[in-house]
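Me: I would like to go through this model residue by residue. Please keep the answers short and end each one on the value or name I ask for.

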Amino acid sequence: MANVNERSFIMIKPDGVHRGLVGKIIKRFEERGYKLVALKQMTASKAHLEEHYVDLKDKPFFPSLINYMVSGPVVAMVWQGLDIVKQGRAMLGATNPLASAPGSIRGDYSIQTGRNICHGSDAVESANREIAHWFKPEEINDYASPFISAWVYE
Ligand code: IDP
Ligand code: MG
């Protein structure tokens, strides 16, 4: 069943913020036709990031991943629209920028896996978990957008 209210957690990592790519990344999702329903900049704590990446806690790169992610502010967002989880992953590109197609965010702006600019949820279930981890319910704006309803969807 088509769900135009599907949500994904998309985050610009500290390298993306430092490199001034926030506007460019937001623009790609806006231009695609997705709706921004939550956004905040924050410097996340180590504990918060360890919980976000809990599935990776046994990986050898986990400590360096956490050090990278606590090193500066991130821009946390919730984007909404049809197939946003899958489309968001496609727009980001592969985890390793070497495998990311030019035209994707990672394929255009990054070179190494450990500095790959952005995060996107990999499934609807993980999106729901991540959104609840980063945002309070009242920080998410459930608003009608007549232009999107009429001109992005049939
Ligand atoms: P994803 O971000 O594409 O979903 P995950 O496998 O969930 O990829 O890994 C989370 C993040 O951990 C990656 O985006 C990247 O920043 C980092 N990472 C993953 N694999 C490696 C690695 O082999 N070396 C260094 N960092 C890695
Ligand atoms: Mg992942």
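Reply: Ready. Bear in mind that the model is predicted. A good place to begin is alanine 2, in the segment before β1.

Me: Is alanine 2 buried or exposed, and what is its relative accessible area?

Reply: Alanine 2 sits in the segment before β1. The cut-off for exposed is over 50%. Alanine 2 passes that cut-off, so it counts as exposed, with a relative accessible area of 60%.

Me: How far apart in space are alanine 2 and aspartate 83, C-alpha to C-alpha?

Reply: Along the chain, 81 residues separate alanine 2 and aspartate 83. Aspartate 83 belongs to the loop between β3 and α5. In space, the C-alpha distance between alanine 2 and aspartate 83 is 8.1 Å.

Me: What is the phi of aspartate 83?

Reply: Most residues other than glycine have a negative phi. Aspartate 83 is not a glycine, yet its phi is positive. Aspartate 83 is partly exposed, at 38% relative accessibility. Its phi is about 55°.

Me: Which residue other than glycine has a positive phi near 75°?

Reply: The residue lies in the loop between α6 (105-109) and β4. It is buried, with a relative accessible area of 0%. The residue with this phi is isoleucine 117.

Me: Where is isoleucine 84, and which residues does it contact beyond its neighbours within four places in sequence?

Reply: Isoleucine 84 is in helix α5 (residues 84-92). Its relative accessible area is 0%, so it is buried. Beyond the neighbours within four places, its contacts are Glu6, Arg7, Ser8, Phe29, Tyr34 and Trp79.

Me: What is the C-alpha distance between isoleucine 84 and serine 121?

Reply: In sequence, isoleucine 84 and serine 121 are 37 residues apart. Their C-alpha atoms are separated in space by 9.4 Å.

Me: Which element gives the largest share of the largest nonpolar core?

Reply: This core has 19 residues, and those with the most contacts inside it are Phe9, Met69, Trp134 and Phe135. Two or more residues come from each of β1 (7-12), β2 (35-42), α4 (62-70), β3 (74-80) and α7 (124-134). The largest share is 5 residues, from α4.

Me: How many residues are in the second, separate core?

Reply: Tyr34, Leu92, Ile105 and Cys118 are included in this second core. In soluble globular proteins, nonpolar side chains tend to be buried together. The residue count of the second core is 18.

Me: What is the relative accessibility of methionine 11, and how far is its C-alpha from that of glutamine 41?

Reply: Methionine 11 lies in strand β1. Its relative accessibility is 0%, so it counts as buried. Glutamine 41 is 30 residues away along the chain, and the C-alpha separation is 9.5 Å.

Me: How far apart in space are glutamine 41 and valine 75, C-alpha to C-alpha?

Reply: Glutamine 41 is in strand β2 and counts as exposed, at 53% relative accessibility. Leaving aside neighbours within four places, it contacts Val17, Pro73, Val74 and Val75. Glutamine 41 and valine 75 are 34 residues apart in sequence, but in space the C-alpha distance is 4.4 Å.

Me: Which residue is covered by the UniProt annotation "active site"?

Reply: The residue is found in strand β4 (residues 118-120). Its relative accessible area is 9%, so it is buried. Beyond four places in sequence, it touches residues including Phe9, Met11, His52 and Glu130. The unreviewed UniProt entry gives the "active site" as His119.

Me: Which residues are around ligand 1, and how much of its accessible area does the protein cover?

Reply: Around ligand 1 are Lys13, Tyr53, Leu56, Phe61, Leu65, Arg89, Thr95, Arg106, Thr113, Gly114 and Asn116. On its own, ligand 1 has 520 Å² of accessible area, and the protein covers 73%.

Me: How far is an oxygen atom of ligand 1 from an N or O atom in the side chain of arginine 89?

Reply: For lysine 13, a side-chain N or O atom is 2.9 Å from an oxygen atom of ligand 1. For arginine 106, a polar side-chain atom lies 3.2 Å from a ligand 1 oxygen. For arginine 89, the distance is 2.7 Å.

Notes: Residues numbered from 1 in each chain as written. Chains lettered and ligands numbered in written order. Predicted model: local features only at pLDDT ≥ 70, side-chain atom pairs only at ≥ 80, totals over all residues. Heavy atoms only, no water. Core = buried A, V, L, I, M, F, W, Y, C linked by side-chain atoms within 4.5 Å. Buried < 20%, exposed > 50% of the residue type's maximum accessible area, 1.4 Å probe, protein only. UniProt positions renumbered as here; feature names shortened; annotations may be inferred. Contact = heavy atoms within 4.5 Å. Near = heavy atom within 4 Å. Polar contact = N/O pair within 3.5 Å; in protein donor to acceptor, adjacent residues only side chain to side chain. Areas by Shrake-Rupley, 256 points an atom, 1.4 Å probe, with all protein chains shown as cover.
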